[in-house]
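Let's take a walk through this model together, starting at the ligand and ending with the cysteines. Please have the 3D view open as you read.

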Amino acid sequence: MDDLDEQARAILKGNDRGGYTVPTGGLYPYQWNWDSVFAAAGFAEHDLSRAWEEIETLFSGQWSTGMVPHIIFHKVDPSYFPGPDIWGGVGPLPSSGISQPPIAATFIRALHALDPEGSEARVRALIPRLRDWHRWFFDWRGEGGAICVSHPWETGRDNCPDWDGPFANIQPEGVEQYYRRDTTHVKEDERPRSYDYDRYLYLVKLGHDCGWDEAHLKEVSPFRVADPTMTFTLLRANRDLLALSQAFGEPTDEIEGWIAAIEAGSEQLWNPEIGAYDCLDMRTGEHTGVISSASFLHWFAGVGEDRMLAHYDRITSDVRFSMPSTDPAHPQYEPRRYWRGPVWGMMNWLIATGLHEAGHEDRAEALRLNTAEVIRTGGFAEYFDPRDGSPAGGRNFTWTAATWLGWASPNTKGITCPVSS
Ligand code: GLC
């Protein structure tokens, strides 16, 4: 019995708003897409029914286009900006207009494995919804099998240095005066700069003004970047959706087609100059040249074999706590600023799942122990300084608590993602 197990359960409970959890009160008072999927995996440790409810509430915000939004604004809360009016989402519930890394299929499969009979009806209902969502990615974000984003927030890695190049080409004209709320909750030097915020809001306005018309945005948006987070999580999610579809006698041809296309297309993200996966700016054709924690998701996707292994070993031996969100050798590395350096526990969970499946059990286990240690050192923070594990960003964070319960804790049984086929 570990006090941290109880603390983690208490955090999930404290962030529960009835059918969905917020990432943390104040800073993020709504339902976020991939946060909720991790939350479900945390709940599954002690309350499987609540875990399913979390996912179902997320899908209740799905648009008729198939898109599952990155934020659902169930109850308006002025402590967050930009809220529903700025976004102008056009789905069944007030929401943002972009999506987030599609990890749901992978964790739905894992939840299903915990109780195959009891969850049958729920999985059956979710499969077509997952298919519609994945199709939306393929149709509107696919570029020859590499998966793009139309906004940095879509990757969940809001201010990583990958966006510095694409952002330099954006003049954020027409953005009205605004008042950030995030820096009232968290120290400014642990958050994105205002230079970035101006551009985030410029891209939100672009979508809002055309009613989130994807065909139009694909044509005019200055920001269209193929990204390893999206490409690798979607590839993995399609493998899991395929396995579920096979088990439930659902159609599989289309999903097999997506898998083949993304397997081939992910090669576009390989940057031979740095010998690593990075982002590719579709507007300029240039690679971003940044090795990030997302670069190491290729094992999770089941591609690339061991071509990143030397970088993995170099970076993990360079810092006390892994995996820093940006390579410490990169000139733009900032160990406390959000996605420009800090360690994010839930990314480690995905990376380790891939490492394990690729036969690197030792590295996977070392990363799990290292994540447990960073949480013991810094608590259930949003993210951590890779040098000493000190906490940064928000506290009492849902996905850090979920990562503990579902994976890092030495005491809980946790959630194991079935091996991708
Ligand atoms: C930040 C993170 C994103 C996360 C959200 C809520 O925007 O970059 O990944 O989903 O906060 O925690």
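The paragraphs below look first at the ligand and its surroundings, then at the question of disulfides.

Keep in mind that this is a predicted model. A good place to begin is the ligand, whose space is the largest cavity. Around the ligand you will find Pro-23, Tyr-28, Trp-32, Trp-34, Asp-35, Gln-100, Gly-156, Asp-158, Tyr-338, Trp-339, Phe-397 and Trp-399. Sorted by class, this shell comprises 8 nonpolar, 2 polar and 2 charged residues.

Now zoom in on the oxygen atoms of the ligand. One ligand oxygen lies 2.6 Å from a side-chain N or O atom of Asp-158. For Trp-339, a polar atom of the side chain is 2.8 Å from a ligand oxygen. Gly-156 takes part through its backbone, with a polar atom there 2.7 Å from an oxygen of the ligand. How much of the ligand's accessible area does the protein cover? On its own the ligand has 310 Å² of accessible area, and the protein covers 97% of it.

Let's turn to the cysteines next. How many disulfides does the structure hold? The count is 0, and two of the cysteines help to show the geometry behind it. Cys-160 is buried, because its relative accessibility is 1%. The closest cysteine sulfur to that of Cys-160 belongs to Cys-279, and at 6.0 Å it is too far away for a bond. Cys-210, in turn, is partly exposed, with 22% relative accessible area. Its closest cysteine sulfur is in Cys-148, and the 17 Å between the sulfurs of Cys-210 and Cys-148 is too far for a bond.

Note on methods
Residues are numbered from 1 along each chain as its sequence is written. This is a predicted model: local features need pLDDT of at least 70, side-chain atom pairs count only at pLDDT 80 or more; totals for chains, interfaces and linings use all residues. Side-chain values use heavy atoms; hydrogens and water are left out. A residue is near a molecule or strand if one of its heavy atoms lies within 4 Å of it. A polar contact is a pair of N or O atoms within 3.5 Å; within protein, one must be able to donate a hydrogen and the other to accept it, and residues adjacent in sequence count only if both atoms are side-chain atoms. Accessible areas come from the Shrake-Rupley method with a 1.4 Å probe; for residues, only the protein chains shown count as cover. On a 1 Å grid over the protein atoms alone, a cavity is a set of points where a 1.4 Å probe fits but cannot get out, and a pocket is an open set with protein on both sides within 12 Å along at least five of seven lines; lining residues have an atom within 4 Å of a point. A molecule sits in a cavity or pocket if more than half of its atoms lie within 2 Å of its grid points. Ala, Val, Leu, Ile, Met, Phe, Trp, Tyr, Cys and Pro count as nonpolar, Asp, Glu, Lys and Arg as charged, and the others, Gly among them, as polar. A disulfide is a pair of cysteine sulfur atoms within 2.5 Å. Buried means under 20% relative accessible area, exposed over 50%, partly exposed in between (1.4 Å probe, protein chains only).
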